[in-house]
Amino acid sequence: MGRPVTTLFMLMSLDGKISTGASDELDVDRDFPLIDGLKEGLHQYYEIEQTTDLWSFNTGLVQAKMGVNEKPLPEKTPVSFVVLDNHHLKESGVIYFCAKSSQFVLITSNKNHPAFNVQEDNLHIIFQENLSLGKALEDLKKDFGCERLTVQSGGTLNGMFLREKLFDYVDVVVAPVLVGGKDTATLIDGKSLLKRDELSGLGVLELQDCTVLKNSYIRLRYRVIG
């Protein structure tokens, strides 16, 4: 395969929501720890997250919501981070990821991105005038030796991975909660199918494992077969 093996790994509600609401103020990582019935079992998701691939894919939008532009510099980790971003990461956010990452790869279509002003040995920039996820993944494998990649991005980008057939596995932890709201982000958002002849864009899954966790949490692992 000319690209890394990719796994979508996310925490979601039973109705597929990956946020607690439709504003930047609301966020699973900030809100679930405050809610009785959810906070007790939440640690299991983060423990599983520590066992995922050593290459992690995310977006500047999600990371900006999590405050990386304002956070103090973290300790170095063995994880290499890949972030797709055009304007959400500030220079401080880029430096944050350089400090945290084994290798930090930024994918951008913004020729004026603040990352171009940062001089760090482990910073690499994939510049694309027009975004091509498939080509970016090929570059990650060819130029940086990325063999396996865990994707933890937002619903819109997850939808792009799905439509371009770039997911190999799906690994989700289901929290015992219903969120609702048609504008709240789900596991897969983005462009909807409109015609029957577009059904090839579906992601058909084969269940690999179902694990009942504590406090009514569930882990589901699938292989993408179509």
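Which strands does helix H6 (residues 155-163) lie across? That was my starting point today, with a predicted model on the screen.

**Entry 1: helix H6**

I looked up H6 and found that this helix lies across strand E1 (5-13), strand E2 (55-59), E3 and strand E6 (148-151). Against E2, I noted that H6 runs at about 120°. Next I asked myself which residues of H6 are buried. My list reads Gly155, Leu157, Asn158, Gly159, Phe161 and Leu162. They pack against E1, E2, E3, E6 and also helix H5 (133-144). Just past the end of H6 I checked lysine 165, and this residue has a positive phi of about 60°.

**Entry 2: the sheet**

I then traced the strands. There are 9 of them in an open sheet, and I wrote down the order as E5-E4-E3-E2-E6-E1-E7-E9-E8, with mixed pairing. Which strands sit at the edges? They are E5 and strand E8 (205-212), as each of these pairs on one side only. I also noted that neighbouring strands are turned by 20° against each other on average, direction ignored.

For the mixed pairing I wanted an antiparallel example. Strand E7 (residues 169-175) and strand E9 (residues 218-224) run antiparallel and are joined by 6 bridges. Here valine 173 has arginine 219 in E9 as its bridge partner.

**Entry 3: strand E4**

Is strand E4 (residues 104-108) enclosed or open? I found it largely enclosed by the rest of the structure, because 5 of its 5 residues are buried. Side chains in a regular strand alternate between the two faces of the sheet, which made me check each face in turn. Phe104, Leu106 and Thr108 are buried on one side, and Val105 and Ile107 are buried on the other, so both faces are covered.

Then I looked at the neighbours of E4. On one side comes strand E3 (residues 80-84), parallel to E4 and joined to it by 4 bridges. One pairing I wrote down has phenylalanine 81 with phenylalanine 104 of E4 as its bridge partner. To get from E3 to E4 the chain goes through helix H4 (residues 91-100), and this β-α-β crossover is right-handed. Strand E5 (residues 123-127) is also parallel to E4, with 5 bridges between them. There, threonine 108 has phenylalanine 127 in E5 as its bridge partner.

**Entry 4: helix H4**

Since the chain passes through H4 on its way to E4, I looked up the buried residues of this helix. They are Gly93, Val94, Tyr96, Phe97 and Cys98. Their cover includes helix H3 (60-65), E3, E4 and E5.

**Entry 5: alanine 115**

I picked a loop residue next: alanine 115, between E4 and E5. Is alanine 115 buried or exposed? Its relative accessibility is 1%, so alanine 115 counts as buried, the cut-off being under 20%. What does alanine 115 touch, leaving aside its neighbours within four places in sequence? I found contacts with Val94, Leu106, Leu123 and Ile125. Two of those names were already in my notes, as Val94 is buried in H4 and Leu106 is buried in E4.

**Entry 6: a pocket**

Last lookup: the second largest pocket, which holds about 210 Å³ of space. It is lined by 14 residues, and those closest to its centre are Thr7, Asp53, Arg148, Asp171 and Arg219. Which elements give two or more residues to this lining? I wrote down E1, E6, E7 and E9. Arg219 had come up before, as the bridge partner of valine 173.

Terms used
Residues numbered from 1 in each chain as written. Predicted model: local features only at pLDDT ≥ 70, side-chain atom pairs only at ≥ 80, totals over all residues. Heavy atoms only, no water. Buried < 20%, exposed > 50% of the residue type's maximum accessible area, 1.4 Å probe, protein only. Pairing = 2+ DSSP bridges. Right-handed = clockwise from strand over helix to strand, strands pointing away. Axes fitted to C-alpha atoms, helices over the stretch in contact; angles between N-to-C directions. Contact = heavy atoms within 4.5 Å. 1 Å grid on protein atoms, 1.4 Å probe; cavity = no way out; pocket = protein on both sides within 12 Å on 5 of 7 lines; lining within 4 Å. Points joined across faces, edges and corners; volume = space filled by probe spheres on them.
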